[in-house]
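Me: Hi! I am new to this one and would like to go through it with you, one question at a time. Could you show it to me?

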Amino acid sequence: MSNSPADSALVRACRGLEVPRTPVWFMRQAGRSLPEYRKIRAGVGMLESCRRPDLVTEITLQPVRRHDVDAAILFSDIVVPLAAAGIDLDIVAGTGPVVAEPIRTAADVARVRPLTPADVDYVAEAVRLLLPELGATPLIGFAGAPFTLASYLIEGGPSRTYLKTKAMMYGEPQLWHDLLSRLADITLTFLRVQVAAGVSAVQLFDSWAGALSEADYREFVMPHSARVLSGLESAGVPRIHFGVGTAVLLEAMGEAGADVVGVDWRTPMDRAAAIVGPGHSLQGNLDPAILFAPWEVVEREARRVLEQGRAARGHVFNLGHGVMPETDPGVLTRLVELIHSV
Ligand code: CP3
């Protein structure tokens, strides 16, 4: 066991197979919490850094070296394939993705063209550079799910209310489905490039799907995410499906075709396990804010997550959302040691 990424604890837990110990990695483990990341990114734009295989390789490896996590996640961003498909956007520090001309009309949607593998050749190149460096440590590829990508494209940037997104969804359902279908194509191509280059698992980030009711999720979003996930079925790598605030969506997110459902900190893992059933593993779900509490609290809460995670078919320990930039990286290292020792 664990001599190859395909037989690693991460992949085995995703499939519900026996593991020597619970695998652990952190969403946003690469990033501003690490001084070595801030140093290497100095003076290089976020999108530019994602297009440079040498930088992607180094940044992806940084948290693996420092924390001894059980998986690497490719350094990239959910909007990288959108920019590669010709959409004018930028990633603004402290804000997030900002789209120059938001997508709101039929003419706008018609501008969203398919992605070709050649558009993101630098991503495949980075994966190829990473594999020999990682050895038996699995590399997770990822992409944004159609709804979360659509929210950035329609709003033009981050949003709290998703008003324009929902206005299109409810007001022009045909246009909505056209847009999400185009985004599903882009996402599927982006993930297939990563799988072909050698990633051992993929995560579909539907970070903002929690803005929807279950009924609306099932009608307006799930068919498109399901097409992405089912399109990867024959790829032979586990598929992780994650969102924030998705307590009422967990069942549907599993049904959409995921091997693993990602859970945020609001839903206890044992309750999530009862909701998704024995056909799926779970990933999560320590509140990233708990890392700012005294160590005794971190330890108590991490042990609780591990204990509640035993109710699932398989458990990948993670935070309930990404590492906050202000997090003390020493606490993350200590947390990995704790999970490995239990
Ligand atoms: O280590 C990893 O997890 C891999 C790297 C990763 C990034 N973005 C790098 C990044 C991953 C998995 C993402 C996905 C992503 N990007 C999501 C889904 C995950 C989630 O958090 O729900 C979303 C919604 C985005 C969009 C996005 N890009 C946001 C909200 C931000 C933060 C803006 C900010 O500055 O606070 C980004 C920029 C971004 N993506 C950074 C990193 C490391 C920060 C940019 C920087 O360091 O200057």
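Me: Thanks! Where is D68 found?
Reply: Glad to help, and please keep in mind that this is a predicted model. Helix α4 covers 53–67 and strand β1 covers 72–73. D68 is found in the loop between α4 and β1.

Me: Is D68 buried, partly exposed or exposed?
Reply: Buried means under 20% relative accessible area and exposed means over 50%, with partly exposed in between. The relative accessibility of D68 is 47%, so D68 counts as partly exposed.

Me: What is the phi of D68 near?
Reply: D68 is a residue other than glycine, yet its phi is positive. The value is near 60°.

Me: Which loop holds Y162, and is Y162 buried or exposed?
Reply: Y162 is in the loop between α8 (146–155) and α9 (163–171). Y162 is not a glycine either, and it has a positive phi of about 55°. Its relative accessibility is 9%, and because of that Y162 counts as buried.

Me: Which peptide bond is cis?
Reply: Look at N285, whose place is in strand β8, residues 281–286. The bond leading to N285 has omega near -15°. The cis peptide bond is the one from G284 to N285.

Me: Which backbone oxygen does the side chain of S49 reach?
Reply: S49 lies in helix α3, which spans residues 46–50. With 0% relative accessibility, S49 counts as buried. Its side chain comes to 2.6 Å from a backbone oxygen, that of M46.

Me: Which residues does S49 touch, leaving out those up to four places away in sequence?
Reply: Contact here means heavy atoms within 4.5 Å. Leaving out residues up to four places away in sequence, S49 touches R41, V44, L55, V56 and F75.

Me: Now the ligand: which side chain has an N or O atom 3.1 Å from one of its oxygen atoms?
Reply: Two backbone pairs can be set aside here: an oxygen atom of the ligand is 3.2 Å from a polar backbone atom of Q29, and an oxygen atom of the ligand is 3.0 Å from a polar backbone atom of A30. The side chain with an N or O atom at 3.1 Å belongs to R41.

Me: How much of the ligand's area does the protein bury?
Reply: Taken alone, the ligand exposes 860 Å². The share of that area buried by the protein is 92%.

Me: Where does the ligand sit, and which elements give two or more residues to the shell around it?
Reply: The ligand sits in the largest pocket. It is surrounded by 26 residues, and the closest are R28, Y37, G94, S207 and H321. The elements giving two or more residues to the shell are α2 (35–41) and β3 (96–99).

Key
Residues are numbered from 1 along each chain as its sequence is written. This is a predicted model: local features need pLDDT of at least 70, side-chain atom pairs count only at pLDDT 80 or more; totals for chains, interfaces and linings use all residues. Side-chain values use heavy atoms; hydrogens and water are left out. Helices (H or I, at least four residues) and strands (E, at least two) are DSSP runs, numbered from the N terminus. Buried means under 20% relative accessible area, exposed over 50%, partly exposed in between (1.4 Å probe, protein chains only). A polar contact is a pair of N or O atoms within 3.5 Å; within protein, one must be able to donate a hydrogen and the other to accept it, and residues adjacent in sequence count only if both atoms are side-chain atoms. A residue is near a molecule or strand if one of its heavy atoms lies within 4 Å of it. Accessible areas come from the Shrake-Rupley method with a 1.4 Å probe; for residues, only the protein chains shown count as cover. On a 1 Å grid over the protein atoms alone, a cavity is a set of points where a 1.4 Å probe fits but cannot get out, and a pocket is an open set with protein on both sides within 12 Å along at least five of seven lines; lining residues have an atom within 4 Å of a point. A molecule sits in a cavity or pocket if more than half of its atoms lie within 2 Å of its grid points.
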